[in-house]
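Student: Before we start, could you put the sequence and the model on screen? I would like to go through it piece by piece.

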Amino acid sequence: MTKQELAEKYIEDALLRGRWKLSERLPAERELAVELGVNRGTLRAALQTLTGKGILETVHGRGTTVQTLPQKSTTLRCTLKASLEGLHLLLPPLMLSECFSATPLRILEMEHVLPQAGLALRGGDAKIFSWCQHRFFQLLVHCLENPCLLRAAENILPDTLFLESAVRDFDLSQREEIFAALARILGELRRMDVRKAGESAAGYATLVLGFLEARPYRQKADSGLSLSHVDSPGKQEKGCRTYKKF
């Protein structure tokens with residue numbers, strides 16, 4: 001998924017959550033680009049795509065407004081906790097089944113994800129780091145050659161928005177452990193040890209579940225909210241946490 005596609009998905013999901021209502025104007029391009037972490041060219045391309053779908057309308061000098069709401073996906077959207085529990089329970093036996101085939105090409109595609117995850121980790125980019133985790137497991141389940149099992153596995157993949165909301169609360173050492181868990185899965189697939197790769201995939205799920213339970217305030221990541229630190233004085237003390245919508 002490209003940055004443009006990520007921007008489109010974020011805007012669509014924000015619309016479905018009620019961030020902007022029908023006929024409401026979106027923020028200025030500069031402000032929205034900063035919020036999404038993309039350049040203005042990428043944002044404009046995303047807005048043009050959504051305009052082509054009839055979701056948005058852009059009028060020169062008046063900005064971009066909401067015309068219709070995107071259709072909700074008919075795919076089951078699991079909570080992050082449910083997705084991780086599903087990965088832990090279902091992925092190892094699926095990987096040991098006869099219909100699982102980790103081809104050299106598929107492994108190469110997964111290898112390309114890790115450098116992106118590493119860059120996002122060092123740069124503190126929670127959005128891209130979360131997307132890399134989703135993409136990694138998406139490629140992994142696409143090693144299933146049975147279409148019915150593939151669809152079932154796709155339904156338990158962690159949602160990128162839910163992951164991002166959680167990852168923002170994890171400290172650097174926790175994010176590094178997540179990266180190391182992905183690298184272990186890939187290393188075992190390279191050695192053609194599918195059993196250990198499945199165990200490591202379950203270990204990834206257990207690891208992230210543990211981090212979720214240990215988060216301050218234990219705000220659920222499936223709420224669509226993210227944590228942010230505020231340092232401004234007011235009714236709240238300096239350094240306390242507030243929740244804000246995307």
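**Helix 5 and the core**

Student: Which residues of helix 5 are buried?
Tutor: Helices are DSSP runs of H or I with at least four residues, strands are runs of E with at least two, and both are numbered from the N terminus. Buried means under 20% relative accessible area, exposed over 50%, and partly exposed in between, with a 1.4 Å probe and protein chains only. By that cut-off, the buried residues of helix 5 are I107, M110, V113, L114, A117, G118, A120 and L121.

Student: Why do they count as being on the same side of helix 5?
Tutor: The arc is taken from the directions that run from the helix axis to the C-beta atoms. These residues lie on the same side because they cover an arc of only 165°.

Student: What kind of model is this?
Tutor: Residues are numbered from 1 along each chain as its sequence is written, and side-chain values use heavy atoms, with hydrogens and water left out. Local features need pLDDT of at least 70, side-chain atom pairs count only at pLDDT 80 or more, and totals for chains, interfaces and linings use all residues; this is a predicted model.

Student: Which residues are exposed on the other side of helix 5, and which helices help to cover its buried ones?
Tutor: On that other side, P104, L105, L119, R122 and G123 are exposed. Contact means heavy atoms within 4.5 Å. The cover of the buried residues includes helix 6 (126–141) and helix 9 (172–190).

Student: How far does helix 5 reach from its first C-alpha to its last?
Tutor: The expected span is 1.5 Å times one less than the number of residues. For the 20 residues of helix 5 (104–123) that gives 28 Å, and the model comes close to this with 30 Å.

Student: Where does the largest nonpolar core lie?
Tutor: A nonpolar core is a set of buried Ala, Val, Leu, Ile, Met, Phe, Trp, Tyr and Cys residues joined through side-chain atoms within 4.5 Å. The largest has 72 residues, of which I11, L84, F136, F137, L140, L189 and Y204 touch the most other members. Helix 6 supplies the largest share, 10 residues. Both domains, whose bounds come from an automatic or database domain assignment, give residues to this core, so it lies between domain 1 (3–66) and domain 2 (80–214).

Student: How many disulfides does the structure hold?
Tutor: A disulfide is a pair of cysteine sulfur atoms within 2.5 Å. C99 is buried at 16% relative accessibility, whereas C148 is exposed at 51%. The number of disulfides is zero.
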